[in-house]
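Colleague: I am new to reading models of protein complexes, and I would like to learn how one goes from a picture to careful statements. Could we look at one together, feature by feature?

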Amino acid sequence: MSAEKRTRPLWLLWSIATIVLWGLWGLVSKVASNGVDVYVNQLLYTVGLAPLMVFVGWKVYKHSPREDAKARRKGVFWAFLTGILGGLGNLAFFQALVKGGEASIVSPVTALFPMVTVLLAVIFLRERLGRTQWVGLALAFVAIYLLSA
Amino acid sequence: MHIWLRFAALALVFWGITGVTQKLSTNSISSERSFLWFCWAMVALSAAVLVVAHPHWGLGALVVWSSIAGGALNGLGAWTSFRALESGGKASIVISLISLYPLLTVGLAVVLLGEPLTWMQMAGAVVAIAAAILLSLEASPKAEA
């Protein structure tokens, strides 16, 4: 059996696990939004994240490569900023559900966040877009219009 | 514009920016160390919420466990997505595949929560997922040249 054949089921399995986990996350968030405000949700959300944080912290301690100090400082800064922005995004996502947004609408709308990433990458990282991404960007605007109708 | 849509758009912007900052982070450190510091930022944000917002308690068990499960499911999902990429999956395929996750949320919300969907919204959900997949695809070297 080739290496590719051996590894394919594994990445497919992890990908399917991601779909299930994130798909369920949208559902339980809607259930929670019927009784929890955004601030309490953020606190409880972090409680839910804690076991994974301990596990990943242990893995980093045991196995992570030792990066150059300057590169590490830079990487940690951006990672921390990612967490703050991600958390603010979570607060906004949850508030959308609290304010009456249906999980079946809010989830697809917020899943369009790569459109912002793509635009920022073009502006700040000077990346160039392929034709498929331009089509994706156009479809994203159509989707927002249809979902908010 | 619906008030919920404004918040959804805000989430879209915040998460969209994380796409760039995450890339800048993993250019310098491992994805696991990056994820760990992402979690530390969540802890810091929660501490700020605790100090500033004075949240009120006295909640039902279902909503409490749903909130906790939200954190666990979202965090685990981020971790499994890294594992998928590290297990040899091509980024363009893995990211396109996991962009399908709203389909599950839509299906479960309609079936379990009884959320109504108009034909336009159903079309919108499908178009949104197609858009997310197309946006997640890497530009070909020809397009980047």
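Modeller: Let us begin with burial, where a residue is called buried if 20 or more other C-beta atoms lie within 10 Å of its own, exposed if 12 or fewer do, and partly exposed in between. By that rule, buried residues make up 49% of the 145 residues in chain B. Please keep in mind throughout that this is a predicted model.

Colleague: How many helices and how many strands are there in chain B?

Modeller: Chain B has seven helices and zero strands, and, read from the N terminus on, the order of its elements is α-α-α-α-α-α-α. The C-alpha trace of chain B spans about 55 × 45 × 30 Å along its principal axes. Of the contacts in chain B with a separation of 6 or more, 61% join residues 24 or more positions apart.

Colleague: What is the mean pLDDT of each chain?

Modeller: pLDDT is the predictor's confidence in each residue, from 0 to 100. Chain A averages 87, with 93% of the residues scoring at least 70, while chain B has a mean of 85, with 94% of its residues reaching 70 or more. In chain B the pLDDT is below 50 over residues 141-145, a stretch that has six contacts in the model beyond near neighbours in sequence. Where pLDDT is low, the predicted coordinates should not be read in detail. Among the elements of chain A, helix α1 (residues 3-33) has the lowest mean pLDDT, 83, and α3(A) the highest, 93. For the complex, the predictor gives an ipTM of 0.85 and a pTM of 0.85.

Colleague: How should I read the way in which helices from the two chains pack, and at what angle do α3 of chain A and α2 of chain B meet?

Modeller: One looks at the distance between the axes, the angle and the handedness. Helix α3 (residues 69-98) of chain A packs on helix α2 (residues 31-52) of chain B at an angle of about 50 degrees, and their axes are 7 Å apart. That angle is why α3(A) is described as oblique to α2(B), and the crossing is right-handed. Among the residues making this contact are A:Gly75, A:Phe80 and A:Gly87 of α3(A), together with B:Trp37, B:Trp40 and B:Leu45 of α2(B).

Colleague: Which residues of α2 of chain A meet α3 of chain B?

Modeller: On the side of α2(A) they include A:Asn41, A:Tyr45 and A:Val56, and on the side of α3(B) they include B:Val64, B:Gly70 and B:Trp79. The axes of helix α2 (residues 38-63) of chain A and helix α3 (residues 61-86) of chain B come within 7 Å and cross at roughly 40 degrees, so these two helices are oblique to each other. Here α2(A) passes α3(B) in a right-handed crossing.

Colleague: Could we return to burial for single residues, and why does B:Glu115 count as partly exposed?

Modeller: B:Glu115 has 16 C-beta neighbours inside 10 Å, and therefore counts as partly exposed. B:Glu115 lies in the loop between α5 (101-112) and α6 (119-136) of chain B. Leaving aside residues up to four places away in sequence, B:Glu115 touches A:Glu102, A:Ala103, A:Ser104, B:Ala109 and B:Val110. B:Leu62, in helix α3 of chain B, counts as partly exposed because it has 13 such neighbours inside 10 Å.

How values were computed. Residues numbered from 1 in each chain as written. Chains lettered and ligands numbered in written order. Predicted model: local features only at pLDDT ≥ 70, side-chain atom pairs only at ≥ 80, totals over all residues. Contact = placed C-beta atoms within 7 Å. Helix = DSSP H or I, 4+ residues; strand = E, 2+ residues; numbered from the N terminus. Axes fitted to C-alpha atoms, helices over the stretch in contact; angles between N-to-C directions. Parallel < 35°, antiparallel > 145°, perpendicular 65-115°, else oblique. Left-handed = near helix turned anticlockwise from the far one by under 90°.
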